[in-house]
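Me: Please take a close look at one part of this model, the surroundings of the ligand, and then follow the chain outward from there into the helix packing and the backbone. I would like one connected account rather than a list.

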Amino acid sequence: MAASKYDAIVIGGGHNGLVTACYLAKAKWKVLVLERRYIVGGACVSEEVWPGYKVSTAAYVNSLFRPEIVRDLNLRDYGFEPIERNPASFSPFLDGRYLFMGTGTSKDVDEIAKFSKRDAENYPKYEAMLERVASVVEPTLTQVPPNLIHPKLGQLLEMGKMGKAMQKLGPAMGEAIEVLTGPARPILDRWFESEQLKATIATDAIIGAFMAPSMPGTAYVLFHHVMGETNGKRGVWSYMRGGMGGLTQSIAKAAVDLGVEIRLEAEVAKILTRNGAVTGVALSNGDEFYAKKVASGVDCHLTFQKFLDSAVLPPEFNDAIGRISYSSASCKINVALDRLPSFTALPGHDPGPQHFGTVHLCPDQDFIERAYDDAKFGKMSQQPVVECTMPSSLDDTIAPPGKHFMSMFTQYAPYALADGEWTDAKRNEYADRCFDIVEQYAPGFKASVINRQILTPVDLENTFGLTGGSIFQGAMPLHQLFMFRPVPGYASYNTPIKGLFMCGAAAHPGGGVMGASGWNAARVMLHS
Ligand SMILES: Cc1cc2nc3c(=O)[nH]c(=O)nc-3n(C[C@H](O)[C@H](O)[C@H](O)COP(=O)(O)OP(=O)(O)OC[C@H]3O[C@@H](n4cnc5c(N)ncnc54)[C@H](O)[C@@H]3O)c2cc1C
């Protein structure tokens, strides 16, 4: 049995765990990262699913990753290379029209005017409204949320600052609160009349959320996806050279240079404690590693309900952890293609603007509502909501010469099906429904498919350790955000166990490849 001592152990080599490890190592701590899989990166990886392909198995686009971390850790020297997408999105419609978005506000306005002059006038105002809300919310991403139950003076002052920022919004405060708590659909219906534009925006409101745009909480999901930047350009999403693993490999390389020890295929089975304080971790093979500080980059279910005995935690804490929602109905389908699809609305197999960004295949908001209606009764959507990206149209390092790769993010494929488990037959039935959708917009697509990988929520759980297949390590309604994430009283990356911290997406500011929870947690640990 191995026995080694470290200043800190990080459970899970997801991007957040790696960021925590780097910041601790920068402070000269001896740090060990233990990762269950054969590769670090968590849900942000590139894998050779088929020979010659670098598949972004789960996460597929970046903008949220904090630029401060890129600078602090010199990640560009280690291969961090975003590839900007212009346009950001392409929405073809079955009547032959199409909408490009994210080409720059003035061009966006021209595009929108093809569908509605009124919407074109409103769009810059809508964007300005989101910017106002972002001015309040974005600074909180890299803040340590206050402990609501036992707040410290400094934390109260920080909260006061947030209140002040909110106050600055003046009469716009009501709309900001609506964005943070309400449903996306009425907001979009108020601002815009064209269903084509609304459907394009609304798909961002349901990403990873087992909700329809008419449900409270979806406006925040939409908003969560408009924060961020690429190369200093706000709101711009990018691919990463070599797939999303390009991002996490750059952090891992920086970590190794800082002296971090990374162990792969090292599955943590137990967090060791004595007298209410952490002492280390035990792997499923029996190896033990010791440290007075442990940061968990996995979700709360694994950390508190699997790795710890409930008897060492306060009962009310166990209850709160038991209430966390992991509801999910996202299914990722990765597709190896012989050629890029030719869309009826804008034909052509050669790489073009219709292939560069995210392709939204959704005619209107009702389509999303109907897809959700099936799923809320435990059925996979008859007609799923599908968005596709084809990063090989801009990055020739991720597919064999002449071949292409498509990432399909789809909903709704409920984790718990009403009629039994996810079998291969059901997986294929669902994927076929998604492929039928693409085929409607790009005839010949199905014939171009060389291979496919289907990851239902159950597969996401088994592969990445994401409970319930929740892509964000726990759903993101208001009561599971900021000072309530993961649970009130423990949002400052602390836990009831002395020396045990949370450092992944389960903690504030939640899911997405942001690095913020990892960075915030490291600061807390360094001052603990
Ligand atoms: C299908 C999908 C698509 C997504 N798309 C995007 C996107 O395009 N853009 C975006 O910004 N975000 C996206 N997300 C969300 C984003 O990927 C995650 O929120 C983010 O990767 C979380 O990072 P993390 O480091 O907090 O945790 P994770 O990535 O969950 O990492 C946790 C790590 O812990 C490891 N682990 C689990 N159990 C153990 C154990 N017992 N012992 C040791 N290690 C263990 C896991 O293997 C994993 O490596 C997507 C997520 C999914 C699943």
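Reply: In this predicted model, α3 passes α4 in a right-handed crossing, and that helix pair can serve as a point of reference before turning to the ligand. The axes of α3, residues 105–113, and α4, residues 117–141, come within 7 Å and cross at roughly 150 degrees. On the α3 side the contact is made by T105, D108, V109, I112 and A113, and on the α4 side by K117, D119, A120, Y123, P124 and E127. By class, these residues divide into six nonpolar, one polar and four charged.

Turning to the ligand itself, 33 residues surround it, and of these E35, V61, A505, G512 and V513 come nearest. The shell divides into 18 nonpolar, ten polar and five charged residues. Several polar approaches to oxygen atoms of the ligand can be named: a polar side-chain atom of N16 lies 2.8 Å from one such oxygen, an N or O atom in the side chain of H15 is 3.1 Å from an oxygen of the ligand, and Y60 contributes through its backbone, where a polar atom is 3.0 Å from a ligand oxygen. As for enclosure, the ligand taken alone exposes 1,000 Å², of which the protein buries 97%.

N16, whose side chain approaches the ligand, also takes part in a helix contact, and this leads from the ligand into the packing of α1 with α17. Helix α1 covers residues 15–26 and helix α17 residues 516–526, and the two pack at an angle of about 35 degrees with their axes 7 Å apart; their crossing is right-handed. Together with N16, α1 brings V19, T20, Y23 and L24 to the contact, while α17 brings A516, S517, G518, W519, A521, A522, M525 and L526. This contact has nine nonpolar and four polar residues, and no charged ones, whereas the contact of α3 with α4 has four charged residues.

The backbone deserves a careful look as well. Most peptide bonds are trans, and most residues other than glycine have a negative phi. Against that background, the bond joining N86 and P87 is cis, with omega about 5 degrees, and P87 lies in the loop between β5 (82–84) and β6 (89–92). A cis bond also runs from Q411 to Y412, with omega near 10 degrees, and Y412 is found in the loop between β18 (404–411) and α15 (424–441). Finally, E265 is not a glycine, yet its phi is positive, at about 50 degrees; E265 sits in the loop between β11 (261–263) and β12 (268–274).

Terms used: Residues are numbered from 1 along each chain as its sequence is written. This is a predicted model: local features need pLDDT of at least 70, side-chain atom pairs count only at pLDDT 80 or more; totals for chains, interfaces and linings use all residues. Side-chain values use heavy atoms; hydrogens and water are left out. Axes are lines fitted to C-alpha atoms, for helices over the stretch in contact, and angles run from 0 to 180 degrees between N-to-C directions. Helices (H or I, at least four residues) and strands (E, at least two) are DSSP runs, numbered from the N terminus. A crossing is left-handed if the near helix is turned anticlockwise from the far one by less than a right angle, and right-handed if clockwise. Contact means heavy atoms within 4.5 Å. Ala, Val, Leu, Ile, Met, Phe, Trp, Tyr, Cys and Pro count as nonpolar, Asp, Glu, Lys and Arg as charged, and the others, Gly among them, as polar. A residue is near a molecule or strand if one of its heavy atoms lies within 4 Å of it. A polar contact is a pair of N or O atoms within 3.5 Å; within protein, one must be able to donate a hydrogen and the other to accept it, and residues adjacent in sequence count only if both atoms are side-chain atoms. Accessible areas come from the Shrake-Rupley method with a 1.4 Å probe; for residues, only the protein chains shown count as cover.
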